[in-house]
Amino acid sequence: MSEFQVVDGGKAETKKIDEFQKKVVRHRIAVAVRTILIAAAVIAAAVFAYSYYRDLVFNDYAILSKTLRSDADTAKYLGYNGHILKYSTDGAEAFNGDGTPLWNLTYEMSDPHVATCEDYVAIGNTNGTKIYVADPLGNQTEIDTRLPILNFSIASQGV
């Protein structure tokens, strides 16, 4: 076996350990400074983006399509699940975004109330006794109640 000897009474080894510890401390400080600078840059970018988009003002627009409606005074319009619902006291009609009719429902109501959930639409007369439900394919169901309707809603399953 080989024998080890300590030269200079261990002073050379102590000097190497002190230099290594100093390098470790310098490395840790450098990593901490880099981390703080990167975090500050990310926060500054987020604050800049937030303030930029918060104060953003649009000055122009483009009309992609236009449709003239003659019944705009008597009918009300409602958007639901990418479609357009037009309803009035005489009936309701659903359209795609491009104006293609999906379904049509006729009724007589003095004060129609509409509830939508996903592709289903329920229309009932306030203080009336009938609720009409239309599904995505235009199939219609009529619900009769014995008491006057004060309020109603519809679920995504159409109930």
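The following paragraphs lead through a predicted model, from its sheet to its nonpolar cores and then to two loop residues.

The sheet offers a convenient starting point. Four strands make up an open sheet, arranged in the order 5-6-7-8 with antiparallel pairing. The edges are taken by strand 5 and strand 8 (140-144); each has a single partner strand, so one side of each lacks a neighbour in the sheet. On average, and with direction ignored, neighbouring strands of this sheet are turned by 20 degrees against each other. Strand 7 and strand 8 run antiparallel and are joined by five bridges. Within this part of the sheet, Val133 is placed opposite Thr141 of strand 8.

The nonpolar interior comes next. The largest nonpolar core contains 14 residues, and the members that touch the most others are Leu85, Ala92, Trp103, Tyr107, Val121 and Ile123. At least two residues of this core come from each of strand 2 (83-87), strand 3 (91-95), strand 4 (101-106), strand 6 (120-125) and strand 7 (130-134). A second core, separate from this one, consists of seven residues, among them Val133, Ile149, Phe152 and Ile154. Val133, already met opposite Thr141, is thus listed as a member of the second core.

Ala92 illustrates the surroundings of a residue in the largest core. When residues up to four places away in sequence are not counted, Ala92 touches Leu85, Lys86, Tyr87, Trp103, Asn104, Leu105, Tyr107 and Ile123. Of these contacts, Leu85, Trp103, Tyr107 and Ile123 are also among the core members that touch the most others.

Two loop residues deserve attention for their backbone geometry. Asn81 lies in the loop between strand 1 (76-80) and strand 2. Its phi is near 50 degrees, a positive value in a residue other than glycine. With a relative accessible area of 48%, Asn81 is partly exposed, as the upper limit for that class is 50%.

Glu118 occupies the loop between strand 5 (112-117) and strand 6. Glu118 likewise is not a glycine, yet has a positive phi of about 55 degrees. Its relative accessible area is 52%, and Glu118 is therefore classed as exposed, the threshold being over 50%.

Which residues does Glu118 touch, not counting those up to four places away in sequence? They are Tyr80, Asn81 and Ser156. The two loop residues with positive phi, Asn81 and Glu118, are accordingly in contact with each other. Tyr80 is 38 residues from Glu118 along the chain, while their C-alpha atoms are separated by 6.7 Å.

Terms used. Residues numbered from 1 in each chain as written. Predicted model: local features only at pLDDT ≥ 70, side-chain atom pairs only at ≥ 80, totals over all residues. Heavy atoms only, no water. Core = buried A, V, L, I, M, F, W, Y, C linked by side-chain atoms within 4.5 Å. Buried < 20%, exposed > 50% of the residue type's maximum accessible area, 1.4 Å probe, protein only. Contact = heavy atoms within 4.5 Å. Pairing = 2+ DSSP bridges. Axes fitted to C-alpha atoms, helices over the stretch in contact; angles between N-to-C directions.
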